[in-house]
Structure formats: structure tokens, C-alpha cells
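Let's walk through this protein together, starting with one residue and working outwards. Keep the structure open beside you as you read.

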Amino acid sequence: MAITTKRGDSGKTGFFGPGARVFKDNPRVEAMGALDELCSFIGLAKSLSSSRILRRDLEALQTEVLALCRQVAAEESASLKDKSGISRDQVKRLEDIIFGLERGRLYPRGCFSLSGARPLSAALDVARAVARRAERRLVSYLRSGRRLDPDMIAYINRLSDVLFLLARSQEKRRN
């Protein structure tokens, strides 16, 4: 299958399965795009890490973000529904990670921090900012009259917190 089809030159795109083509600024397309960007930036952070454990954990997060993207893509196609979507258990797992990072006091007090102390922490901060955008796009999609699993928005909300705390923890590392 060729990657260039020229079908998007009119500003519209389609999804797998039956359905009309939509403009590329459609809330569903925007949500999927933000999730795609998030997955890419988590991948960038993963590539900058020298820690095998952190790389493994970031790859697991990428896999879950792709599951979110599949859920949004398949939202209107019952035959494409992703059975391995985000669950409350995954949201709880992120909450446990947050608790562990907060308990370790690996971050400065306060909500705001300048990024860029280290390449990895900067990449994690970019991923966090993109996670926040993805969350906003999912909310826009929801407000456009579509249905979303509430765990999807909760997951992205917690994920941005995890990425923030991971970035702060990486700033404390010596190497």
C-alpha cells in the first residue's frame, strides 16, 4: 500500500472502515493527532534515556497511548472497537506511580518549573505539555457530542502528572 494517496489534498481524511471523510480539523482527527504527537514525544524521551527500566516504562506508556488512539479511531465503528483499551486499572497504576514519585520528593515544591536542565527532562516536559494538549482535544471531542470512555481522559490527566514528575526526577540525576 502506498503512503501517498493524494486523497488528503482537499483537507479531508478518512478512517478505517465505513464512514464519510471529514475535515482534518475535525475534533476526532485533532484528538488522534494529539495522541500521535504524545506517543512520538514519549518515544523521543525513551531514546534519550540510558536507563533500561525507564525505557521499558516509557515504551509501556507509548503502547497505552496508542491504545487510546485506536479507541478514538474506532469510536464510530463497532467492528474496529479496541478490546484492549484503557481501563480503570491503568489509571490506578499511574496514580501509584505518581504517589511513589511524590513520596521520593524528587521534585521542587510548586507547580511550575523551567524545563531544559537535561535533554531527557526537557523531552519529558515536552511530552507532558503534549499530553495536556491531548487531554484538551479529547475534551473537545467529547463536547462535540461524541462518547468517550471516562477512563481515557482520566488516564491522560494522570499521564501528564507522571511525565511532569519523571522530568523533575531526571533533573536530579548526575548522568
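Does Cys-39 count as buried or exposed? In this predicted model, Cys-39 counts as buried, because its relative accessibility is 9%. The cysteines are a handy place to begin. The structure holds zero disulfides. Cys-39 is in no disulfide, and the nearest cysteine sulfur, that of Cys-69, is 8.3 Å away. That distance is too far for a bond, since a disulfide needs the two sulfur atoms within 2.5 Å. Cys-69 has a relative accessibility of 14%, so Cys-69 counts as buried too.

Cys-69 leads us to helix H2, which runs over residues 52-73. With 22 residues at 1.5 Å a residue, helix H2 should span 32 Å, and the 31 Å between its end C-alpha atoms agrees with that. Along H2, the buried residues include Leu-54, Leu-58, Leu-61, Val-65, Leu-68, Cys-69 and Val-72. Polar side chains appear on the buried list as well, among them Gln-62, Glu-64 and Gln-71. What lies over these buried residues? The cover includes H1, H3, H4 and H5.

Now look at what the nonpolar side chains do. In soluble globular proteins, such side chains tend to be buried together. Here, the largest nonpolar core has 42 residues. The residues with the most contacts inside this core are Leu-35, Leu-38, Val-72, Leu-138, Tyr-155 and Leu-159. H1, H2, H3, H4 and H5 are the elements that give two or more residues to the core, and H5 supplies the largest share, 12 residues.

Leu-35 is a good residue to click on. Which residues does Leu-35 touch, once its neighbours within four places in sequence are set aside? They are Val-65, Leu-68, Cys-69, Val-72, Ala-134, Leu-138 and Ile-156. Of these partners, Val-65, Leu-68, Cys-69 and Val-72 are also among the buried residues of H2.

Next come the charged side chains. The structure holds 13 salt bridges. In one of them, the side chains of Glu-37 and Arg-133 meet with 2.6 Å from N to O. Glu-37 lies in helix H1 (residues 27-48) and Arg-133 in helix H4 (residues 119-143), so this pair ties together parts that are 96 residues apart in sequence. Glu-37 is partly exposed, with a relative accessible area of 31%, and Arg-133 is partly exposed at 25% relative accessibility.

A salt bridge can also sit within one helix. Asp-96 and Lys-92 meet in a salt bridge at 2.6 Å, N to O. Both are in helix H3 (residues 88-103), and because they are four residues apart, about one helical turn separates them. An α-helix has 3.6 residues a turn, so residues three or four places apart point the same way. Asp-96 counts as partly exposed at 42% relative accessibility, and Lys-92 does too at 41%.

Helix H5 (residues 150-171) offers another pair, Arg-168 and Glu-171, three residues apart and about one turn of the helix from each other. Their side chains meet in a salt bridge at 2.8 Å, N to O. Are these two charged residues buried or exposed? Both Arg-168 and Glu-171 are buried. They also belong to a network of salt bridges that links them with Asp-125 and Arg-128.

Technical notes: Residues are numbered from 1 along each chain as its sequence is written. This is a predicted model: local features need pLDDT of at least 70, side-chain atom pairs count only at pLDDT 80 or more; totals for chains, interfaces and linings use all residues. Side-chain values use heavy atoms; hydrogens and water are left out. A salt bridge is a side-chain nitrogen of Lys or Arg within 4 Å of a carboxyl oxygen of Asp or Glu. Buried means under 20% relative accessible area, exposed over 50%, partly exposed in between (1.4 Å probe, protein chains only). The expected span of a helix is 1.5 Å times one less than its number of residues. Contact means heavy atoms within 4.5 Å. A nonpolar core is a set of buried Ala, Val, Leu, Ile, Met, Phe, Trp, Tyr and Cys residues joined through side-chain atoms within 4.5 Å.
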